[in-house]
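Open the model in your viewer and keep the selection panel at hand. The stops below follow one another.

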Amino acid sequence: MGIIEKAREIAGIIERQDEICIVTHCDADGITGAAIAKKALDEIGIKCEIKVVRYLSRKILQGVDKFTWFIDLGNGNIAGINGNAVITDHHFSNEYHERALNPFYYGIDGETEISAAGLAYLVASNFSDFDATLAIMGAIGDLQDLRFGRLTGINRQLLKNSKVEIKKDIRIYGRKKPLYKMIAYATDPVIPGIFKRVRNAIGFLSRIDIDYKKSWNECSREEKKKILSELIKILVTKGFSYDYITRIFGEVYELDGEDIREYATLLNSIGKYGYGMEAIKMCIEEKFDGKNLLKKHRSKICNYIEYAKKKLDEYKGIYYFHGGNYIMDTVVGTVAGMILREEDFSTPLLAFAENEEGIKVSARAPYNLVEKGLNLSIAMKNAAEMLGGNGGGHKAAAGAIIPKGMEERFLQIFDAEIRNQLTL
Ligand code: C5P
């Protein structure tokens, strides 16, 4: 049976229910996935309630008494999920569950080829033929285009079925922002010497005779060519690889003339600050307006980064910081990812934060380590389970929950796991 047939089988199970509880993750992928599921259930007249959660704790699992549709979570908790449920989760797991639509069972990479929203869409498209725009938003929110600089696999087919336009353009985020800001805060790729140095960015643009206040979209073709070739020159002289440099130009995705990353970022921040239901409503109504919230989110993240950098420490070459109860557990991973890119770490970065269940741990690693065999999802799961917690995620980005006071022990076990994976 292929993934499409399995999606149909799961749709059949859903269709037989009178009432469904959707349990979804609070990030953009979970939010869009739940919106797709809700739209589909409404269409076939099945009553549903939605729970947007930060992670799947034992408490949440024990509290669900109705038939449940788990979205963007569940693969890490297969043993705790009974038969009265279906799972559409793209996180890696090789544990079998009869009612899980797990892309990895079909040789499909859940990190790049399909997201949880995409999986929910495969199921939902059996009930109605709405377009796959939200599924693409989920995939982009999950950074599924990051590895290859474009969407691949099933995501590519979903793209064709969506309102999202594919364009060839500079891939740096912020094409509507003033140029100096766009290049100073570019992270994929980072422009050395300019990164976070607004003055250097202004100097660079003035030297090549470009009005730095203009946005990329306002530039002429000639100006765009000039900026691109000068940026590439910087990267070449700094010795970056061809693969790294070519990421600067390629596919970008737009919805109604807006970079789809804007929408995904908005949903992520709304969901992670505890307003998941509002974010789902936005998706269903296709009304994405949350500029004020986004502004607040950005300023909070800046404060968190500043705090985390002061707390950075090292354990046998692995960097980590403890956000205590200052950094919100839902965004501590985002903070770790940003610091990893900013500081260009060549080792994994671990981040801790307190929450009501214990300690949230987030791990992020540079992709070249993944190519050498690193799998943070397995390392986090193993290390957390040894301490009575749980964990999972992706090869380059994973998370866990462990009991309070176990941070040091976690570092030791995690370090051993990483050494084992990379045979150091
Ligand atoms: O929370 P954070 O951003 O660090 O999560 C990174 C990845 O790890 C996400 O895909 C999340 O679903 C996963 N994760 C997990 N189990 C946890 C915490 C996070 O599978 N306990």
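Start at the ligand. Its shell takes residues from both domain 1 (3-149) and domain 3 (292-422), so the ligand shell lies between these two domains. Keep in mind that this is a predicted model.

Now select the shell itself. It holds 16 residues. Gly333, Ser362, Gly392, Gly393 and Gly399 are the closest to the ligand. By type, eleven shell residues are polar, five are nonpolar and none is charged.

Next, show the strands. β12 (390-393) and β13 (397-402) each provide at least two residues of the shell. Which strand gives the largest share? That is β13, with five residues.

Move on to the nonpolar packing. The largest nonpolar core has 102 residues. Select Ile36, Ala37, Ala120, Ile136 and Ala351, which have the most contacts inside this core. Domain 1 (3-149) and domain 3 (292-422) each contribute at least three residues to the core.

Then look for the second core. It is separate and has 17 residues, among them Ile172, Ala201, Trp216 and Leu235.

Go back to Ala351 and display its contacts. Leaving out residues up to four places away in sequence, Ala351 touches Ala308, Tyr320, Phe321, Gly323, Val332, Gly333, Val335, Ala336 and Ser362. Two of these names are familiar: Gly333 and Ser362 are also among the closest residues to the ligand.

Finally, zoom out and colour by domain. The chain is divided into domain 1 (3-149), domain 2 (169-253) and domain 3 (292-422). Taken over C-alpha atoms, the centres of domain 2 and domain 3 are 30 Å apart.

Technical notes. Residues are numbered from 1 along each chain as its sequence is written. This is a predicted model: local features need pLDDT of at least 70, side-chain atom pairs count only at pLDDT 80 or more; totals for chains, interfaces and linings use all residues. A residue is near a molecule or strand if its C-beta atom, placed from the backbone, lies within 6 Å of it. Helices (H or I, at least four residues) and strands (E, at least two) are DSSP runs, numbered from the N terminus. Ala, Val, Leu, Ile, Met, Phe, Trp, Tyr, Cys and Pro count as nonpolar, Asp, Glu, Lys and Arg as charged, and the others, Gly among them, as polar. Domain bounds come from an automatic or database domain assignment. A nonpolar core is a set of buried Ala, Val, Leu, Ile, Met, Phe, Trp, Tyr and Cys residues joined through C-beta atoms within 7 Å. A residue is buried if 20 or more other C-beta atoms lie within 10 Å of its own, exposed if 12 or fewer, and partly exposed in between; C-beta atoms are placed from the backbone. Two residues are in contact if their C-beta atoms, placed from the backbone, lie within 7 Å.
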